[in-house]
Amino acid sequence: MGNYFGNNLKYLRRTNNISQKEIARVTGKEISLIGKWESHQREATMDSVLSISKFFDVSIDDLVNTDLSIKTQFSLVDDRDIGEVINDLLFDLKSEQVLMFNGSPLNEDDRELLERSIGLGFDAVRRK
């Protein structure tokens, strides 16, 4: 089983205000076992993983192999596409009078370098 299952189960439960008791009901398992899955003390059976993936409407692959807390941050930022978020960031970089990084203002060369780096990263992701 992948490394993310326990963390994802806890993340999905908490973000959806679901108790371990409810997950136990869905999977037909004891509440104590749910906690052991979340703390990586025990691995869930495939049947349990399938039940949980259906309950949260998440693919088994994502549930087991993806850090859903990060994926969710990038896919649901203000209900906008990540492309819009990056375009807004680039616009802000161009329009802000003083842009700070670790408490120090960025000079124009650093600002342009940051803008190009973000743009190149975004272009690389779009090509995939």
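Helices here are DSSP runs of H or I with at least four residues, numbered from the N terminus.

**View 1. The whole protein chain, as a predicted model.** Welcome to the overview: the chain holds 8 helices and 2 strands. Reading from the N terminus, you meet the elements in the order α-α-α-α-α-α-α-β-β-α. Of its 128 residues, 27% count as buried.

**View 2. Contacts and surface of the protein chain.** Among contacts with a separation of 6 or more, 54% join residues 24 or more positions apart. The accessible surface comes to about 8,800 Å², and carbon and sulfur atoms contribute 50% of it.

**View 3. The buried face of helix 2.** Which residues of helix 2 (residues 20–27) are buried? They are Ile 23, Ala 24 and Thr 27. Down the helix axis, these buried residues fall within an arc of 105°, so they line one face of helix 2. A handy reminder: an α-helix has 3.6 residues a turn, so residues three or four places apart point the same way.

**View 4. The other side of helix 2.** Turn your attention to Lys 21 and Arg 25: both are exposed, on the other side of helix 2.

**View 5. Packing partners of helix 2.** What do the buried residues of helix 2 pack against? Their partners are helix 1 (5–15), helix 3 (31–38) and helix 4 (46–56).

**View 6. Gly 28, just after helix 2.** Once helix 2 is done, Gly 28 follows. The phi of Gly 28 is positive, near 75°.

Note on methods:
Residues are numbered from 1 along each chain as its sequence is written. This is a predicted model: local features need pLDDT of at least 70, side-chain atom pairs count only at pLDDT 80 or more; totals for chains, interfaces and linings use all residues. Side-chain values use heavy atoms; hydrogens and water are left out. Buried means under 20% relative accessible area, exposed over 50%, partly exposed in between (1.4 Å probe, protein chains only). Contact means heavy atoms within 4.5 Å. Accessible areas come from the Shrake-Rupley method with a 1.4 Å probe; for residues, only the protein chains shown count as cover. The arc is that of the directions from the helix axis to the C-beta atoms.
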